[in-house]
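Subject: Handing over the model

Hi,

Here is the structure I promised to pass on. Have a look at it first, and then read my notes below.

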Amino acid sequence: SQYIDLPMIGAAANLMFSMLSGYLGTGKVPVPRGNQGFTGSPGAGTFATGQGWIALGANTPAQFENLCRLIGIDDLLRNAALIEPSHGDQGFVRARDADAVRDRLEAGLRKHPASHWEPLLNAAGIPAARVRHVGEFADEILRRSPSAMLSLPEMPGYPRGMDALNIGFHTLHDPCGTDTVSPALGQHTEEVLRTCG
(Lines give C-alpha, C1' and ligand atoms only; values in the text may rest on other atoms or scores of the structure.)
Protein backbone atom coordinates (compact mmCIF):
# COMPACT_ATOMS: atom_id res chain seq x y z
CA SER A 1 0.00 0.00 0.00
CA GLN A 2 1.07 3.57 -0.50
CA TYR A 3 0.23 6.80 1.29
CA ILE A 4 -0.33 9.97 -0.69
CA ASP A 5 0.66 13.28 0.88
CA LEU A 6 -1.37 16.09 -0.65
CA PRO A 7 -0.33 19.40 0.96
CA MET A 8 -2.74 22.32 0.61
CA ILE A 9 0.11 24.51 -0.63
CA GLY A 10 0.59 22.16 -3.57
CA ALA A 11 -3.14 22.16 -4.29
CA ALA A 12 -3.20 25.98 -4.19
CA ALA A 13 -0.20 26.15 -6.49
CA ASN A 14 -1.83 23.82 -9.00
CA LEU A 15 -5.01 25.90 -8.98
CA MET A 16 -2.81 28.84 -10.00
CA PHE A 17 -0.86 26.76 -12.51
CA SER A 18 -1.17 29.10 -15.48
CA MET A 19 -0.22 32.19 -13.45
CA LEU A 20 2.67 30.46 -11.69
CA SER A 21 3.98 28.92 -14.90
CA GLY A 22 3.94 32.34 -16.53
CA TYR A 23 5.85 33.86 -13.63
CA LEU A 24 8.37 31.01 -13.39
CA GLY A 25 9.01 31.11 -17.13
CA THR A 26 9.19 34.87 -17.63
CA GLY A 27 9.60 36.47 -14.20
CA LYS A 28 6.61 38.75 -14.96
CA VAL A 29 4.06 39.09 -12.13
CA PRO A 30 0.43 38.83 -13.31
CA VAL A 31 -2.09 41.53 -12.44
CA PRO A 32 -4.52 40.78 -9.54
CA ARG A 33 -8.18 40.20 -10.47
CA GLY A 34 -10.88 41.04 -7.93
CA ASN A 35 -10.94 41.09 -4.14
CA GLN A 36 -14.46 40.45 -2.77
CA GLY A 37 -15.09 37.48 -0.46
CA PHE A 38 -17.60 34.83 -1.58
CA THR A 39 -19.73 34.93 1.59
CA GLY A 40 -20.86 38.54 1.27
CA SER A 41 -19.72 39.25 4.84
CA PRO A 42 -18.20 42.74 5.09
CA GLY A 43 -15.18 41.24 6.91
CA ALA A 44 -14.40 38.78 4.10
CA GLY A 45 -12.37 39.97 1.16
CA THR A 46 -9.14 41.71 0.36
CA PHE A 47 -8.36 45.02 2.04
CA ALA A 48 -5.71 47.72 1.69
CA THR A 49 -3.43 48.18 4.70
CA GLY A 50 -0.69 50.65 5.60
CA GLN A 51 1.52 48.70 3.20
CA GLY A 52 0.22 45.97 0.93
CA TRP A 53 -3.07 44.10 1.00
CA ILE A 54 -4.52 41.49 3.34
CA ALA A 55 -7.12 38.81 2.61
CA LEU A 56 -9.55 38.30 5.50
CA GLY A 57 -12.20 35.70 6.27
CA ALA A 58 -13.92 37.36 9.25
CA ASN A 59 -17.32 35.86 8.44
CA THR A 60 -18.88 34.96 11.78
CA PRO A 61 -20.03 37.56 14.30
CA ALA A 62 -17.24 36.51 16.72
CA GLN A 63 -14.55 36.84 14.05
CA PHE A 64 -15.91 40.19 12.91
CA GLU A 65 -16.04 41.49 16.50
CA ASN A 66 -12.43 40.40 17.09
CA LEU A 67 -11.38 42.08 13.86
CA CYS A 68 -13.04 45.38 14.74
CA ARG A 69 -11.53 45.39 18.24
CA LEU A 70 -8.03 44.54 17.02
CA ILE A 71 -7.98 47.28 14.40
CA GLY A 72 -9.49 49.84 16.77
CA ILE A 73 -12.95 50.35 15.25
CA ASP A 74 -15.13 48.49 17.77
CA ASP A 75 -17.64 51.39 17.73
CA LEU A 76 -18.68 49.98 14.33
CA LEU A 77 -20.20 46.99 16.14
CA ARG A 78 -22.80 49.24 17.78
CA ASN A 79 -23.67 51.15 14.60
CA ALA A 80 -27.04 49.67 13.56
CA ALA A 81 -27.12 51.93 10.49
CA LEU A 82 -24.08 50.08 9.08
CA ILE A 83 -24.20 46.55 10.55
CA GLU A 84 -27.21 44.26 11.08
CA PRO A 85 -27.40 43.04 14.70
CA SER A 86 -26.02 39.51 15.10
CA HIS A 87 -27.87 36.67 16.77
CA GLY A 88 -25.17 34.76 18.64
CA ASP A 89 -22.34 33.39 16.52
CA GLN A 90 -24.53 31.82 13.85
CA GLY A 91 -24.35 32.65 10.17
CA PHE A 92 -22.47 35.49 8.55
CA VAL A 93 -22.23 39.17 9.41
CA ARG A 94 -24.34 41.37 7.16
CA ALA A 95 -23.70 45.02 6.34
CA ARG A 96 -26.49 47.51 5.80
CA ASP A 97 -24.04 49.83 4.02
CA ALA A 98 -21.25 47.65 2.63
CA ASP A 99 -19.22 50.54 1.19
CA ALA A 100 -19.21 52.47 4.47
CA VAL A 101 -18.24 49.34 6.45
CA ARG A 102 -15.43 48.60 4.01
CA ASP A 103 -14.17 52.18 4.34
CA ARG A 104 -14.11 51.83 8.15
CA LEU A 105 -12.29 48.48 7.98
CA GLU A 106 -9.65 49.83 5.62
CA ALA A 107 -9.21 52.94 7.78
CA GLY A 108 -8.40 50.68 10.73
CA LEU A 109 -6.17 48.35 8.71
CA ARG A 110 -4.19 51.26 7.20
CA LYS A 111 -2.63 51.93 10.63
CA HIS A 112 -0.11 49.12 10.02
CA PRO A 113 1.29 47.08 7.13
CA ALA A 114 -0.19 43.72 6.13
CA SER A 115 2.87 41.95 7.57
CA HIS A 116 1.90 43.33 11.01
CA TRP A 117 -1.76 42.30 10.76
CA GLU A 118 -1.32 38.74 9.41
CA PRO A 119 0.10 37.05 12.55
CA LEU A 120 -1.93 39.21 14.93
CA LEU A 121 -5.26 38.40 13.26
CA ASN A 122 -4.47 34.70 12.87
CA ALA A 123 -3.60 34.47 16.57
CA ALA A 124 -7.06 35.91 17.32
CA GLY A 125 -8.78 33.22 15.24
CA ILE A 126 -9.40 35.41 12.20
CA PRO A 127 -8.37 33.83 8.90
CA ALA A 128 -5.93 36.34 7.43
CA ALA A 129 -3.12 36.25 4.90
CA ARG A 130 -0.94 38.98 3.49
CA VAL A 131 -1.60 39.11 -0.23
CA ARG A 132 1.54 38.03 -2.00
CA HIS A 133 2.00 38.41 -5.71
CA VAL A 134 2.76 35.20 -7.56
CA GLY A 135 6.50 35.86 -7.40
CA GLU A 136 6.43 36.23 -3.60
CA PHE A 137 4.32 33.08 -3.30
CA ALA A 138 6.81 31.15 -5.45
CA ASP A 139 9.90 32.59 -3.74
CA GLU A 140 8.70 32.68 -0.11
CA ILE A 141 6.35 29.71 0.11
CA LEU A 142 6.85 27.19 -2.68
CA ARG A 143 10.64 27.12 -2.57
CA ARG A 144 10.41 26.11 1.12
CA SER A 145 7.97 23.29 0.41
CA PRO A 146 9.63 19.91 -0.22
CA SER A 147 9.40 18.85 -3.85
CA ALA A 148 7.08 21.74 -4.81
CA MET A 149 9.54 22.99 -7.42
CA LEU A 150 11.74 21.30 -9.99
CA SER A 151 15.01 22.72 -11.23
CA LEU A 152 15.20 21.86 -14.91
CA PRO A 153 18.49 21.83 -16.83
CA GLU A 154 19.46 23.97 -19.82
CA MET A 155 17.00 23.77 -22.72
CA PRO A 156 16.16 25.76 -25.86
CA GLY A 157 15.12 29.25 -24.85
CA TYR A 158 16.44 28.80 -21.30
CA PRO A 159 20.22 28.59 -21.45
CA ARG A 160 20.50 28.62 -17.62
CA GLY A 161 17.67 26.15 -17.12
CA MET A 162 14.59 27.12 -15.16
CA ASP A 163 12.46 26.33 -12.14
CA ALA A 164 9.09 24.71 -12.80
CA LEU A 165 6.09 23.79 -10.68
CA ASN A 166 6.15 20.15 -9.61
CA ILE A 167 3.10 17.90 -9.33
CA GLY A 168 0.96 18.72 -6.28
CA PHE A 169 1.21 15.44 -4.38
CA HIS A 170 3.88 13.09 -3.06
CA THR A 171 3.78 9.33 -2.65
CA LEU A 172 5.59 7.23 -0.08
CA HIS A 173 7.59 5.00 -2.45
CA ASP A 174 7.77 6.80 -5.80
CA PRO A 175 9.68 9.96 -6.69
CA CYS A 176 7.73 13.13 -7.26
CA GLY A 177 7.66 14.64 -10.73
CA THR A 178 10.47 14.60 -13.24
CA ASP A 179 13.73 16.44 -13.64
CA THR A 180 13.99 16.19 -17.42
CA VAL A 181 12.75 18.68 -19.97
CA SER A 182 10.23 18.01 -22.70
CA PRO A 183 11.85 16.90 -25.95
CA ALA A 184 12.45 19.44 -28.68
CA LEU A 185 10.34 19.29 -31.84
CA GLY A 186 11.61 16.36 -33.91
CA GLN A 187 14.17 15.28 -31.31
CA HIS A 188 13.06 11.63 -31.36
CA THR A 189 11.80 11.40 -34.94
CA GLU A 190 14.52 8.98 -36.13
CA GLU A 191 14.16 6.79 -33.05
CA VAL A 192 10.36 6.61 -33.48
CA LEU A 193 10.66 5.85 -37.20
CA ARG A 194 13.20 3.06 -36.50
CA THR A 195 10.82 1.38 -34.06
CA CYS A 196 8.08 1.57 -36.71
CA GLY A 197 10.35 -0.13 -39.27
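First, a word on naming: helices (H or I, at least four residues) and strands (E, at least two) are DSSP runs, numbered from the N terminus. With that in hand, Leu105 is easy to place, as it belongs to helix H4. Keep in mind that this is a predicted model, where local features need pLDDT of at least 70, side-chain atom pairs count only at pLDDT 80 or more, and totals for chains, interfaces and linings use all residues. Residues are numbered from 1 along each chain as its sequence is written, and side-chain values use heavy atoms, with hydrogens and water left out.

The overall picture

The protein has 7 helices and 7 strands. Going along the sequence, they come in the pattern β-α-α-β-β-α-α-α-β-α-β-β-β-α. Of its 197 residues, 31% count as buried (buried means under 20% relative accessible area, exposed over 50%, partly exposed in between, with a 1.4 Å probe and protein chains only). I also looked at contacts, meaning heavy atoms within 4.5 Å. Among the contacts with a separation of 6 or more, 61% come from residues 24 or more positions apart.

A sheet of three strands

Two strands count as paired if DSSP finds at least two bridges between them. On that basis there is an open sheet of 3 strands in the order E2-E3-E4, with antiparallel pairing. E2 and strand E4 (128-130) are at the edges with a single partner strand each, so one side of each has no neighbour in the sheet. Direction ignored, neighbouring strands of this sheet are turned by 20 degrees against each other on average. For background, strands of a sheet pair through backbone hydrogen bonds, either parallel or antiparallel.

E2 and strand E3 (residues 53-57) pair over 5 bridges, and Ala44 stands opposite Gly57 in E3. These two strands make a hairpin with 4 residues between them, and Gly52 in the turn has a positive phi of about 85 degrees. On the other side of the pairing list, E3 and E4 share 3 antiparallel bridges, with Ala55 opposite Ala129 in E4.

How enclosed is E2? Its residues are buried, 5 of the 5, so E2 is largely enclosed by the rest of the structure. Gly45 sits in this strand and is buried, with a relative accessible area of 6%. Gly45 and Gly57 are 12 residues apart in sequence, while their C-alpha atoms are 6.7 Å apart in space.

Ser41 is also worth a click. You will find Ser41 in the loop between helix H2 (17-26) and strand E2 (44-48), buried with a relative accessible area of 0%. Its side chain makes a polar contact with the backbone oxygen of Ala58 at 3.2 Å (a polar contact is a pair of N or O atoms within 3.5 Å; within protein, one must be able to donate a hydrogen and the other to accept it, and residues adjacent in sequence count only if both atoms are side-chain atoms).

The helices

Helix H5 (residues 114-123) lies across E3 and E4, running at about 160 degrees to E4. For such angles, axes are lines fitted to C-alpha atoms, for helices over the stretch in contact, and the angles run from 0 to 180 degrees between N-to-C directions. Which residues of H5 are buried? They are Ala114, Trp117, Glu118 and Leu121. These residues cover an arc of only 110 degrees around the axis, which puts them on the same side of H5 (the arc is that of the directions from the helix axis to the C-beta atoms). Their cover includes E3, helix H3 (61-70), helix H4 (98-109) and E4. After H5 comes Gly125, with a positive phi near 80 degrees.

H2 and helix H6 (residues 134-141) pack at an angle of about 80 degrees, with axes 9 Å apart. H2 and H6 are therefore roughly perpendicular to each other (angles under 35 degrees count as roughly parallel, over 145 as roughly antiparallel, 65 to 115 as roughly perpendicular and the rest as oblique). The buried residues of H6 pack against helix H1 (8-15) and H2.

Back to Leu105: this residue is buried, with a relative accessible area of 1%. Leaving aside neighbours within four places in sequence, its contacts include Pro42, Phe47, Phe64 and Ile71.

Cheers
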